[in-house]
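Opening the notebook on this one. I want to look at the ligand first, then at the empty spaces.

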Amino acid sequence: MPHSQPKTALVTGAASGIGRAVVSRLGAKDIHVYAADLEAPDEPIPGAEFLHLDVRSEPDWQMVSRKIEGEHGRLDILVNNAGILREAPLVETPIEIWNQVLDVNLTGVFLGCKTMVPLLVLSDGPAIVNVASIDALRGSHGHAAYAASKGGIVSLTRALAVELSGQGIRVNAVCPGTVETPMVQEMFQAAEDPAALEAQRLSVHPLGRLSTPEEQAAAIDFLCGADASFVTGTVLSVDGGRAIR
Ligand code: NAI
């Protein structure tokens, strides 16, 4: 039986980059979007309600869950997008950085799925989309912690797709190539030779350019929606062909 109420979505890491584009795309439909992040976006995102959430914090997740339950009684879409990149050669990676990257990128996804499943099962078409990375599939210098966290997301996605299938929850992941976001701008700025790094990044994408956040949002929107009703456990590369080069 279709719900008469509008759908509800929760997007993490929503203040910037890919998350912001997902919020805008879902918000343009008849979906109530909770945009969760550590800090509010510089400018409000039309159609979205901001929520403070540190994805590493189980109490924060529980607070968000209580709010959504009180206001809507269920959740239809969860997009686990929050993530950080900390680059360093393996032998120069302090344990604190390793733990920080794993905490945000992987434990944050675990906590999000764990906390939101009781609200997702109340939807008539629940979907989780986890944002991994091409680094889950391809090696990259200086990305040991980041790649490990993103590989973990891919494995977690497959495990949960099976475990939650009986409750009707679809679980998929996207693996973006390099996307023009503040995270990538910072990476270029921190490089010894930003122009050389940018040229290298362009060259590894067969399409010869970087992705826009909106292209990632389109793929995530597809995986969240009814058109993907028979898609679960999929790891979708949205990478301009980088995975096959
Ligand atoms: P971004 O840096 O523009 O945005 C990330 C957002 O996550 C920020 O708003 C930040 O405040 C938030 N965030 C960080 N730690 C958080 C925490 N503990 N709790 C809640 N929110 C937190 O990054 P971008 O590029 O939009 O990345 C989004 C996702 O896409 C990340 O998971 C990233 O690893 C992934 N990705 C990005 C790629 C790229 O080239 N930009 C490539 C592949 C994957």
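Before counting what each element gives, I note how elements are named: helices (H or I, at least four residues) and strands (E, at least two) are DSSP runs, numbered from the N terminus. This is a predicted model, where local features need pLDDT of at least 70 and side-chain atom pairs count only at pLDDT 80 or more, while totals for chains, interfaces and linings use all residues. Residues are numbered from 1 along each chain as its sequence is written, and side-chain values use heavy atoms, with hydrogens and water left out.

**Entry 1: around the ligand**

I looked up which residues come nearest to the ligand, taking "near" as having a heavy atom within 4 Å of it. There are 29 residues around the ligand, and the nearest are Ser16, Asp37, Tyr146, Val179 and Thr181. I sorted the shell by class (Ala, Val, Leu, Ile, Met, Phe, Trp, Tyr, Cys and Pro are nonpolar; Asp, Glu, Lys and Arg are charged; the others, Gly among them, are polar). That gave 16 nonpolar, nine polar and four charged residues.

Next I checked polar contacts, meaning pairs of N or O atoms within 3.5 Å; within protein, one must be able to donate a hydrogen and the other to accept it, and residues adjacent in sequence count only if both atoms are side-chain atoms. Lysine 150 has a side-chain N or O atom 2.8 Å from a ligand oxygen. Glycine 177 uses a backbone N or O atom, 3.5 Å from an oxygen of the ligand. For threonine 181, a polar side-chain atom sits 2.5 Å from a ligand oxygen.

How much of the ligand does the protein bury? Taken alone the ligand exposes 830 Å², and 90% of that is buried by the protein (Shrake-Rupley method, 1.4 Å probe; for residues, only the protein chains shown count as cover).

Helix H1 (17-27), helix H4 (144-163) and helix H5 (182-190) each give two or more residues to the shell. H5 gives the most, with three residues.

**Entry 2: pockets**

My pocket search ran on a 1 Å grid over the protein atoms alone: a pocket is an open set of points with protein on both sides within 12 Å along at least five of seven lines, a cavity is a set where a 1.4 Å probe fits but cannot get out, and lining residues have an atom within 4 Å of a point. The largest pocket is the space taken by the ligand (more than half of a molecule's atoms must lie within 2 Å of the grid points). Its volume is about 1100 Å³, counted as the space filled by probe spheres set on points joined across faces, edges and corners. The lining has 46 residues, with Ala82, Gly83, Ile84, Leu85 and Met183 closest to the centre. H5 again gives the most to this lining, with six residues.

The second largest pocket has about 250 Å³. Its lining includes His141, His143, Arg201 and Arg242, and splits into three nonpolar, six polar and three charged residues.

**Entry 3: the cavity**

I found one cavity of 30 Å³ or more. Among the residues lining the largest cavity are Trp61, Asn80 and Asn81. H3 supplies the largest share of that lining, three residues, and no charged residues turn up there.
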